Structures are given as structure tokens and as C-alpha cells.
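Look at the model below before reading on. The paragraphs after it go through one part of the fold, step by step.

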Amino acid sequence: MGLCLIHADGLMNELAQITEFDSFSAIITTDRDSDCDWELTMPEGAWTRCPIRPGHYICIEGSEWGGPVEQVRHVSSEGQIKLRGTCWRGLLRRRVIAPAAGDTHVTLPVTEANAAIAGLMGSWQNRLFSVSTEDSGLLCSASLRYKTLLDALEDMLGAAGGRLSAVFGDGQVHLSALPVRDMSDMVELSQEYDARLLTDHSARVYNHIIALGRGEMLERQVVELWLLPDGTLTDDVSLVPEPDSVSTLLYDYSAVETPEELERSARSRLLSYAAESSMEIEMTDNIGLELTDTASVRDTLTGMTAVLTVTACELTVKPSGIVMTHHLS
């Protein structure tokens, strides 16, 4: 990626290329409790020659790094200006998909993925965002109720084996659906890379869940599942080899809307508690991984192996060079 920081005004007219700065950092992530944001630190003099104001944009052509300027902070004792903002992906999290009056959900029928993205975007921010009209080869559908636009797009595309691409170019952010890349057969990461590896072995905590949904007394929705030694889930207690060794998790989900959602949530909750081992890796070698890509990871000390997913990408630019950090879990 040829890195060039562009300063544009609120109408996305390019004002200057930023060549004098101390650092630029940005992060994009699938963690819905974390922000996708950026920060630029530059000397006072560089900012004075071309002031960057809230409402302007910082962009890197051909990438998804950058977004609107939302804070300009002057630290006079350090002779610096610190600018902060959200990335393009973060902007999508500020739009909520809500049903029209009288409707319970916003529903999209089965359609091509890029057309589905355009359907959810509607006319919102259409000067800033554009959606590809190419055939992605993916089919999507959605039934949404009070969900952020980013979460809706990620869930919809993820269910179809796709991912969201957001690339800035020619004054707009171009959104498109791309297939998720499984690189586990081509890429194996380990301590041999410039990586920080965290592995965890633990005993199984729960192998049974009772999930309680809507309703009262005999009318209450109940889902009961058992985790078998081979890692599969069943609702048939006769398949449990040692009923006396069952460890039960009680899960109260009274706000659930459907029995199907209750069962899906119960399965996910039981599996999350039942994990016997986990791995995370943070690496700074730039080997072309993108958000949602999967790769094989091996701990050369413990022998643990796993196929992990890129959950965050972080860019750091300083005079000493460019560092791309990937977080996989």
C-alpha cells in the first residue's frame, strides 16, 4: 500500500497531502464493543500552514484507513496538534436500522449481496458512500430490528460467507461484498513471526444448559441441550454417557423473540463456556491478511494448533516506518 495521507474539506475536496506529521494510527475491528477510529499527531507549524478542522476528512487512497475529523486538540506544552476521528466502518455503526411504524422488522428478500448492501444503505450518506453494482456471487437476506448498519451488514454478509469491503478512492468510500478468505491451508502463523501468542488450556466447565425464554410457568419457552464428549450438541439426554457428571448452566433469556433464536443463543452460550482451549495471536508482519480472514496458528512450545480469524487490524505510521498489526482469535 502506497501510503499518502490526504486532507480533504467537508465536501471531500482535496486540500493537501500531509507529509509532515509525527504519527498516524487507526484500528478497524469486528468487536462491537470497540471503536473503529484513528488519531493523527502533527507539529503546530505543519497544522498552521494548512489547518485541519472538525468536519474535514483524513483519507488514505486505496484503503479503508481514514475518516472524518471529529476532534482537534492543541497540546501547547508539547508543540503538537492531535486530531481524532472515526474510520469509515465506524460511521456505519452510527446508523440504526429501525422498522417503520407498524412493522416489527426491516426485511430484505434473498438478493445479490451488493444489491442487498445498497438496499440497507438507501440514500443515507450517498455523497460519501457508494456501493458496487457488480455481481458478488453471494446471495443474502435479512430480517432486522434496531441494529446498527455496520452490524447488520456484517451479520448479513457473514451468514452468506461474505465480508464487507470499504475502500476510499476518488473522493468516495466504495462498499462491496467479498467472499471470506480461508487462508488456513496457505498461512501458518507461529512464534517464528514477529508475534505475541496467548494460548490457554482449561477444563470443560459446563456440558449442559437449560435456557429459559419468554412466557410464564408452563407456557415458558425452555431449551435443554447437552454437550457430548466428542464436542457435538444434542437435545437427547439418552445420548449422554455419564448423566451423573452433568454440570448445568442456567441461562435466562426472557427477552428472546422466537424459539429458534433461543436455541441458537443457547448453543452459542454453552459452546462458549465449554471451550477446553483457546488461542490468540497478535502479529506485526504484514502478510496481506484482511479483517475476517482465517489462518492457521501453531504454538511451537505447547503444540496447540487452531484456525483463527482476524478480528482487528491496526495501522501505525511513524517517521521510522509503517507497522500493520493483526489480532487473531
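What follows describes a sheet and the helices beside it.

This is a predicted model, in which local features need pLDDT of at least 70 and side-chain atom pairs count only at pLDDT 80 or more, while totals for chains, interfaces and linings use all residues. Residues are numbered from 1 along each chain as its sequence is written, and side-chain values use heavy atoms, with hydrogens and water left out.

Start with the sheet. Three strands (DSSP runs of E, at least two residues, numbered from the N terminus) make an open sheet in the order S10-S14-S13, with mixed pairing. Its edge strands, S10 (129–131) and S13 (162–169), each pair on one side only; pairing requires at least two DSSP bridges between two strands. S10 and S14 (residues 172–179) run parallel and share three bridges. Phe129 has Val173 in S14 as its bridge partner.

Helix H3 packs on this sheet and touches S10, S13 and S14, where contact means heavy atoms within 4.5 Å. The direction of H3 makes about 135° with that of S14; axes are lines fitted to C-alpha atoms, for helices over the stretch in contact, and angles run from 0 to 180 degrees between N-to-C directions. A helix here is a DSSP run of H or I, at least four residues.

Which residues of helix H3 are buried? In H3 (residues 113–121) they are Ala113, Asn114, Ala116, Ile117, Leu120 and Met121, buried being under 20% relative accessible area with a 1.4 Å probe, protein chains only. Just after H3, Gly122 has a positive phi of about 55°.

Helix H4 (residues 149–159) lies across S13 and S14, at about 130° to S13.

Notes
Buried means under 20% relative accessible area, exposed over 50%, partly exposed in between (1.4 Å probe, protein chains only).
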